[in-house]
Amino acid sequence: MIEQISLQNSSGSALAISKILESDYGYYDELFKLGTTFALQNKLIESKLVFENLSKFNDADPRVYFNLGLIENLLGNHIRAIECYSKAHKISPNDDDVLI
């Protein structure tokens, strides 16, 4: 089911991601990998969709906000990117991986 998430119906995809996480939080890491894979394939909108949904289920994961920052930056949304980087740094201020 996870592999079938696409942008063709972004609201449906968001709902599918949400339902997956609601039914089994164990898919969190797999969805994180999916978001990363989308980004590496330059499918930035799909990647953003995944990470935005992950942030709703775990707003304490700095990796999610860091990746959202990267994606927003690539999409040209620089103010939003800075907000995401700041949130990642606020969650984990001593984490060198979230410093830019």
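Leaving aside its neighbours within four places in sequence, which residues is Ser47 in contact with? The points below answer this and then move outward to the helices and the core; throughout, please keep in mind that this is a predicted model.

1. **Ser47.** The place of Ser47 is in helix H3, and its contacts, once neighbours within four places in sequence are left aside, are Gly35, Phe38, Ala39 and Ile71. Is Ser47 buried or exposed? With a relative accessible area of 0%, Ser47 is buried, since anything under 20% is counted that way.

2. **H2 against H3.** Ser47 also takes part in the meeting of two helices, where Tyr28, Leu31, Phe32, Leu34, Gly35, Thr36, Phe38 and Ala39 in H2 face Leu44, Glu46, Ser47, Val50, Phe51 and Leu54 in H3. Sorted by class, the residues of this contact are ten nonpolar, three polar and one charged. The axes of H2 and H3 come within 7 Å and cross at roughly 155 degrees, which means that H2 is roughly antiparallel to H3, the cut-off for that word being an angle over 145 degrees. The crossing in which H2 passes H3 is left-handed.

3. **H2 against H4.** Helix H2, which covers residues 28–40, also packs with helix H4, residues 62–74, at an angle of about 15 degrees and with the axes 12 Å apart. The two helices are therefore roughly parallel to each other, and their crossing is left-handed. On the H2 side the contact is made by Tyr28, Asp29 and Phe32, and on the H4 side by Arg63, Val64 and Asn67. These residues divide into three nonpolar, one polar and two charged.

4. **H4 against H5.** How far apart are the axes of H4 and H5, and at what angle do these helices pack? Their axes are 8 Å apart and the angle is about 165 degrees, so H4 is roughly antiparallel to H5. Here, too, the crossing is described as left-handed. From H4 the contact draws on Pro62, Tyr65, Phe66, Leu68, Gly69, Leu70, Glu72 and Asn73, while H5 brings His78, Arg80, Ala81, Cys84, Tyr85, Lys87, Ala88 and Ile91. By class, ten of the residues in this contact are nonpolar, three are polar and three are charged.

5. **The core and Val64.** In soluble globular proteins, nonpolar side chains tend to be buried together. In this model the largest nonpolar core has 24 residues, and those touching the most other members are Leu31, Val50, Phe51, Leu54 and Val64. Helix H1 (10–23), H2, helix H3 (44–57), H4 and helix H5 (78–91) each supply at least two residues of this core. Val64 makes a useful example to follow in the structure, for if its neighbours within four places in sequence are left aside, Val64 is in contact with Tyr28, Phe32, Phe51, Leu54 and Ser55.

6. **Glu72.** A charged residue deserves a separate look, namely Glu72, which lies in helix H4. Its relative accessible area is 1%, and Glu72 is therefore buried. Beyond its neighbours within four places in sequence, Glu72 is in contact with Lys48, Glu52, Asn77, His78, Arg80, Ala81 and Cys84. Among these partners, His78, Arg80, Ala81 and Cys84 also appear on the H5 side of the contact of H4 with H5.

7. **Asp61.** Where does Asp61 lie? Asp61 is found in the loop between H3 and H4, and, with a relative accessible area of 6%, it is buried. Not counting residues up to four places away in sequence, Asp61 touches Tyr28 and Ile91. The C-alpha atoms of Asp61 and Ser92 are separated by 8.5 Å, although these two residues are 31 residues apart along the chain.

8. **Lys87.** The last residue to check is Lys87, whose place is in helix H5. At 33% relative accessibility, Lys87 counts as partly exposed, because that label covers values between 20% and 50%. Leaving aside its neighbours within four places in sequence, Lys87 is in contact with Asp59 and Tyr65. Lys87 and Tyr65 are 22 residues apart along the chain, yet their C-alpha atoms are separated by 6.5 Å.

Technical notes
Residues are numbered from 1 along each chain as its sequence is written. This is a predicted model: local features need pLDDT of at least 70, side-chain atom pairs count only at pLDDT 80 or more; totals for chains, interfaces and linings use all residues. Side-chain values use heavy atoms; hydrogens and water are left out. Axes are lines fitted to C-alpha atoms, for helices over the stretch in contact, and angles run from 0 to 180 degrees between N-to-C directions. Helices (H or I, at least four residues) and strands (E, at least two) are DSSP runs, numbered from the N terminus. Angles under 35 degrees count as roughly parallel, over 145 as roughly antiparallel, 65 to 115 as roughly perpendicular and the rest as oblique. A crossing is left-handed if the near helix is turned anticlockwise from the far one by less than a right angle, and right-handed if clockwise. Contact means heavy atoms within 4.5 Å. Ala, Val, Leu, Ile, Met, Phe, Trp, Tyr, Cys and Pro count as nonpolar, Asp, Glu, Lys and Arg as charged, and the others, Gly among them, as polar. A nonpolar core is a set of buried Ala, Val, Leu, Ile, Met, Phe, Trp, Tyr and Cys residues joined through side-chain atoms within 4.5 Å. Buried means under 20% relative accessible area, exposed over 50%, partly exposed in between (1.4 Å probe, protein chains only).
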